[in-house]
Amino acid sequence: MALIDSTARVADGARLADDVEVGPFCIVGPDVTLEAGVKLHAHVNVQGVTTLGARTQVFPFASLGTPPQSVHYKGEKTALVVGEDCSIREHVTMNTGTAGGRGTTVVGNGCMLMVGAHVGHDCRVGNNVIFANNATLGGHVDVGDHVFLGGLSAVHQFVRIGAQVMVGGLSGIREDVIPFGYAIGQNANLVGLNVVGMKRRGYTRSDLHLARAAYRDLFFGKGTFAERLADLRTRQEQSSFIQQLVEFVDAGGNRELCRPSRKVVQLED
């Protein structure tokens with residue numbers, strides 16, 4: 001049977017696995033599902049049609065599954081799904097989706113959201129993502145696997161952030177960031193590739209050489225951007241980086257592509 005503190009309030013209809021722990025002064029709504037090993041430490045609010053995956057821990061004053069912050073929301077039953085093995089720290093907020101959007105906000109497995117982070121409505125967050133303190137996503141943002149968002153960074157609605165991206169602290173991301181990109185600045189620009197992250201994922205020296213060459217050719221090469229992209233399409237078999245880069249650009253989105261500023265020195269490790 002779930003271990004529920006006497007000061008907590010768990011509504012009728014909530015579905016709790018037998019080994020769930022609900023700490024002091026937590027509030028759990030009637031449409032919430034807490035899977036095996038979930039722990040709400042204290043003063044946690046979980047509402048809406050919300051599912052927390054196995055072994056996820058939520059720390060004091062986090063508020064999950066509250067209605068989307070959208071003027072178009074009219075009280076529809078939309079959802080929030082959080083994956084397994086996540087660590088959701090103090091004062092984190094996550095909203096459900098919107099009927100006019102995707103209907104569900106999704107956070108993947110193994111994510112860590114530090115103090116004050118926010119996931120807006122209809123977002124898709126991948127696996128093993130880290131949000132540093134107060135990192136914020138607007139609505140409809142897509143975030144790939146293994147992304148790191150620096151503290152106090154903010155991502156504009158409808159932006160796509162590719163896998164393995166590093167975003168520096170205090171950055172404003174208003175454009176799509178390519179996979180493995182490193183973006184930083186008040187109005188962020190690319191300043192290179194997340195080489196440290198690539199090494200951690202097993203990229204060899206040869207892989208990094210091909211990735212750096214493709215990055216330079218796409219953003220600094222001769223001809224138009226379309227011509228440079230077309231050239232990369234012919235080289236996709238050379239490396240998984242080039243393939244992911246081309247697929248990301250070709251997929252397009254609602255925002256322009258974040259690019260390097262020629263005034264910014266490329267940063268690489």
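I began with Asn134, which counts as partly exposed at 36% relative accessibility. The model I consulted is a predicted one. I then looked up where Asn134 sits, and found it in the loop between strand E19 (130-131) and strand E20 (136-137). Its backbone drew my attention: phi of Asn134 is near 65°, a positive value in a residue other than glycine.

I turned next to Gln164, which is not a glycine either, yet has a positive phi of about 70°. I located Gln164 in the loop between strand E24 (160-161) and strand E25 (166-167). Is Gln164 buried or exposed? I found Gln164 to be buried, since its relative accessible area is 4% and the cut-off for buried is under 20%.

My third entry concerns His118, a residue of strand E17 (residues 118-119). His118 is buried, with a relative accessible area of 13%. Which residues does His118 contact, leaving aside its neighbours within four places in sequence? I noted Gln69, Thr93, Asn95, Phe131, Ala135, Thr136 and Leu137.

Finally I examined a sheet. I recorded an open sheet of 8 strands, paired in parallel, in the order E3-E6-E9-E12-E15-E18-E21-E24. Strand E3 (15-16) and E24 stand at the edges with a single partner strand each, so one side of each is left without a neighbour in the sheet. Within this sheet I looked at one pair: strand E18 (residues 124-125) and strand E21 (residues 142-143) pair in the parallel sense over 2 bridges. Here I saw that Arg124 stands opposite Asp142 in E21.

How values were computed
Residues are numbered from 1 along each chain as its sequence is written. This is a predicted model: local features need pLDDT of at least 70, side-chain atom pairs count only at pLDDT 80 or more; totals for chains, interfaces and linings use all residues. Side-chain values use heavy atoms; hydrogens and water are left out. Helices (H or I, at least four residues) and strands (E, at least two) are DSSP runs, numbered from the N terminus. Buried means under 20% relative accessible area, exposed over 50%, partly exposed in between (1.4 Å probe, protein chains only). Contact means heavy atoms within 4.5 Å. Two strands pair if DSSP finds at least two bridges between them.
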